[in-house]
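Colleague: Could you walk me through this one? I'd like to talk about the ligand site and then a chain interface.

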Amino acid sequence: MSNTLSYSSITKKIWMSLFGLFLMTFLVVHLSINLLLLFDPSRELFNIAAHFMGTNPLIQIFQWVLFAGFGFHIILGVILQIQNWMARPKGYKVKGTSEDSVFSKYMIYTGMIIFVFLIIHLGNFFVLKMQGDVPEFHQPGAGEMEDMGLLVVNLFRNTGYVIFYVIMLLLMGFHLDHAFQSAFQSLGLTHNKYTPFIKGLGHFYSIVITAGYIIIPLIIYFR
Amino acid sequence: MAKLDSKVPEGPIAEKWTNYKAHQNLVNPANKRKVDIIVVGTGLAGGAAAASLGELGFNVKVFCIQDSPRRAHSIAAQGGINAAKNYPNDGDSVYRLFYDTVKGGDYRAREANVYRLAEVSNNIIDQCVAQGVPFAREYGGLLDNRSFGGALVSRTFYARGQTGQQLLLGAYSALSKEIKKGSVELFTRREMLDIVKIDGKARGIIVRNLVTGELERHGAHAVLLGTGGYGNVFFLSTNAMTSNGGAAWRAYKRGAFFANPSFVQIHPTCIPVHGDYQSKLTLMSESLRNDGRIWVPKKKEDAQKIQKGELRPTQIAEEDRDYYLERRYPAFGNLVPRDVASRAAKERCDAGHGVGNTGLAVYLDFKDAIERLGRNVIEARYGNLFQMYEKIVDENPYETPMMIYPAIHYTMGGTWVDYELQSTIPGLFVGGEANFSDHGANRLGASALMQGLSDGYFVLPYTMQNYLADQITVPHFSTDGPEFEQTEKEVQERIDKLFAVNGDETVDSFHKRLGHIMWDNVGMARNKEGLEKAITEIQQLRKEFWQRVKVPGEKTGMNVELEKALRVADFLEQGELMALDALTRNESSGGHFREEYQTKEGEALRDDKNFTHVAAWEYMGDDKPAKLHKEPLVYENIEVKQRNYKTA
Amino acid sequence: MDLKLKIWRQQGPDAQGKFVEYLVQNISSDASFLEMMDILNEELVAKGEEPVAFDHDCREGICGMCSLYINGRPHGPDTAITTCQLHMRKFKDGETVVIEPWRAKPFPVIKDLMVDRSAFDEIIQAGGYVSVNTGGVPDANAIPIKKENADLAMDAAACIGCGACVAACKNASAMLFVSAKVSQFALLPQGRVEANNRVENMVAKMDVLGFGNCTNTYACEAVCPKEISITNIARMNREFFVAKIS
Ligand SMILES: Cc1cc2nc3c(=O)[nH]c(=O)nc-3n(C[C@H](O)[C@H](O)[C@H](O)COP(=O)(O)OP(=O)(O)OC[C@H]3O[C@@H](n4cnc5c(N)ncnc54)[C@H](O)[C@@H]3O)c2cc1C
Ligand code: FES
């Protein structure tokens, strides 16, 4: 860890963006599994996918890589932020009015909220599953597995939870919107011709991902 | 007192510098470490010299007023730097650059120095490119050139409109490299207030730390001043706010002769004065005259209507415009030297044809160039200047012609130095705008940058060694000696005296009053009566200053008013010497235009018989008039002629 | 026009500072912002008070000496200019103008609105140069340089080192300043030779001095008087990455 602290600012940023991009690909995978709940109201596909994710040894290893990714992304984010606060011990009376990217100013806050959400989220699903508190799902030909889908559906019938979930995902969307192009900038992957495309893609990505995640509880809730 | 010995080496002019270098004394590498050098100023001259001397292995201490060496006034130069590379294949050569510079200076510069300048000009460009200076290039990847006033060839290298900045940053980076290496020690926010002499030689300086207010002593085997010009005597000029002649003036008062103080350059293309609160004038680079055409309305009635705001310049028909430079000087047109262009503008405005609400402005019009080349070409060439103009004047120069008027810009005069750039105080060297050496009575555009870097990179590192060769046995100086003690005491007394006045008028107010006297009488056109009046008025103002100036605040800590007061106190003395020199020089030459001495067409009329000399003034004491020494100028390689820009 | 000014006054580096209010009257809209400050100072001196200390020199936007954080924006409410080029026509009669010094740990206040920016010099000393000595260099036209690259290098080299980027950045990061110098040299064959060492050393120095980290907020680019592009930061990141892995 002391090593992480002594990394140069740019090294930290490079790691930050690599982990970030990695987490963004994970979000895509996660979303595509969630969407199965919409396409297959019987929850079978979703449960198969969840089962696969929960039992496949490769994925099991990968899961720890993912946690590490989150961990480093968060730790680095916090270190960077603390250093940034320290770089200006006395602030301005008049807050900055210069035009800049808005979401970027609140990355630490959106990030922290996402972190809290993550813990709750893990508590809701992952921990229950670890404890074996998930109902069984029986489907002829599919074999024995847990009914993770039911867990989700039940949660998404709870008004409070849906509101909470939607808000959290909107915040995540803001986080992603800045994160996408920012990662490319940090990695030095910019170019006159392609950067506008990457920026557009970033907005597209964050909108699609956010909308995708949000639409699921809404449909389930109103179904 | 010392006779002026210019120490110009023997031999044909083209071989003098080579011969000098071949026979000069050098300091062996191991001994260089034993020698300390003080460099005051981090402009092109000081910065380049400090870096080069550090590279050679000397212990260098370098000082500047600003918070960083990168902010020296050289940063503001816009247009470009000359060199005799002849890349455009248009007939340039070392001789032609030399010839143009001497002629441009109206035959009042020292031949050998100018030749050397032209000779090393090419090395400067090579050096800067190697440092990573991003000069403008053509599509083939080679360097681009533009033309400047006073030349029939394109020999000016440039980096957009920020050539001075890029050259200075080059010198600054070289300096930074040496600071890192430890050979140069940097002292910022320090102002040199006096020179310390031991046994007649310059051995140190007294500086004021502008942050703490403390006086500091620094000793060395030799002192180099690269402290820039004294244009701010006029209050309003294109110079930076802290540009001052103080260091050179202190050297003068310690025995260094001051040469040609009246040779001041008035730049034709500056943004006109707009109000009495104005603090400085902004230059619009001479390069604009490449594509801009200068004119005023032919009819006085039109001019009057424009002054009242009843008519716009764009409403004046082509045949009612007087392109007076093209009319008077067909061969050089809008590219005549600065002194000629400035006087022509003044002449038109005095005759009632001036524009702007004051009537003290002429037009610089890009209409034709935009039509011919397209707006984007003009934008690429001068975009930043146009933007600067628009921010200040609030008018778009792509659509309405720019308004310009002459302003004080550069001082050709300065500390008298010999061929080695050594002043009459042994061990005191002076480079860049602070010395008088290369531009005679008028400097051509893009030649100051050339001179600053030539002095700094290629001349002083040699000539200073020649002096230092026999100094290696002199141990490092202690600054506890009586000479340091005494000089510091005198500086302290000067400061105390300023505070003691405790009057009721601000420093700036005195400075402005001095500026008015100077501009009205010692400016673009001078005459005997005005100069005599200026001298009495300056003396009177000086007396008043010492009775009524108000310097608030403390002696310790940062005190900007005190800094200004010290500078203005020196300006008040310097201004008088400038007027005296102008009064004594009964001829017109270059930037020095005496109304009594002009041709029928209103051109400057030199008196070569009586004034082909450098006027070097010696300080004789506060209450005694300065004493004039003359260094005769001998032209062996150039035929001295009436300057003619009408035909090629 | 008349204005109410709220100006940060601080006697010295260690002194406690505070905002002080001043009224200035009859200011011409053609006056520059610093000329307005001059007028205020003249009045203060006439009253026997100490004038407000602020940095300035060239007054034409090139030396980088002037600073001032005006109403929440370095160099005030205009784009692509420095404070000395800001004109009063950008303000409204009766407006309140809050003037603060640059705020960043590596830029301590010296007095009032003046800060110490020598940290920038230290970064340049860490590697912002090409290690050639005077003399013995090849002819200037010996190496042709693509015009495009020469132009990009010039864009980056236009930096005046004023520190507005640091002042505007919510993290007080110096990345735009550092990357401009790194880019200038990285784009030119003369600078390429030492490119790897240069970027590592300059970034290391920047970190040690206590500037913040870049979070790609781009406030720096928005306030830069010379409109230095943040693509320089990306280029520096790239240069740094390549230097680290090679
Ligand atoms: C607006 C403008 C545009 C110009 N454009 C061109 C151009 O295009 N081409 C061209 O050739 N020339 C141009 N010039 C002229 C040229 O820029 C200057 O003549 C030249 O840069 C002077 O360089 P220097 O090194 O002699 O002094 P400066 O750059 O003036 O440096 C003086 C140094 O001395 C220091 N100093 C001064 N006094 C003291 C003291 N008492 N104690 C400590 N330090 C001190 C200062 O801090 C500074 O570091 C221009 C000038 C101006 C004003
Ligand atoms: S004073 Fe030089 S940039 Fe503003």
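Modeller: We can take ligand 1 and then the contact between chain A and chain C. This is a predicted model, in which local features need pLDDT of at least 70 and side-chain atom pairs count only at pLDDT 80 or more, while totals for chains, interfaces and linings use all residues. Residues are numbered from 1 along each chain as its sequence is written, chains are lettered from A and ligands numbered from 1 in the order in which they are written, and side-chain values use heavy atoms, with hydrogens and water left out.

Colleague: Which residues are closest to ligand 1?

Modeller: Of the 39 residues that surround ligand 1, the closest are Gln66(B), Ser74(B), Met192(B), Glu433(B) and Leu449(B), where surrounding means having a heavy atom within 4 Å. Residues from chains B and C surround the ligand, so the site is shared between chains.

Colleague: And what does Glu433(B) do there, in terms of distance to an oxygen atom of ligand 1?

Modeller: A polar side-chain atom of Glu433(B) lies 2.6 Å from an oxygen atom of ligand 1, and a backbone N or O atom of Gly79(B) is 2.8 Å from a ligand oxygen.

Colleague: Switching topic, how many residues of chain A are in contact with chain C?

Modeller: There are 37 residues of chain A in contact with 47 of chain C, contact being heavy atoms within 4.5 Å.

Colleague: How many salt bridges are there between chain A and chain C?

Modeller: The count is 0 between chain A and chain C, taking a salt bridge as a side-chain nitrogen of Lys or Arg within 4 Å of a carboxyl oxygen of Asp or Glu.

Terms used:
A polar contact is a pair of N or O atoms within 3.5 Å; within protein, one must be able to donate a hydrogen and the other to accept it, and residues adjacent in sequence count only if both atoms are side-chain atoms.
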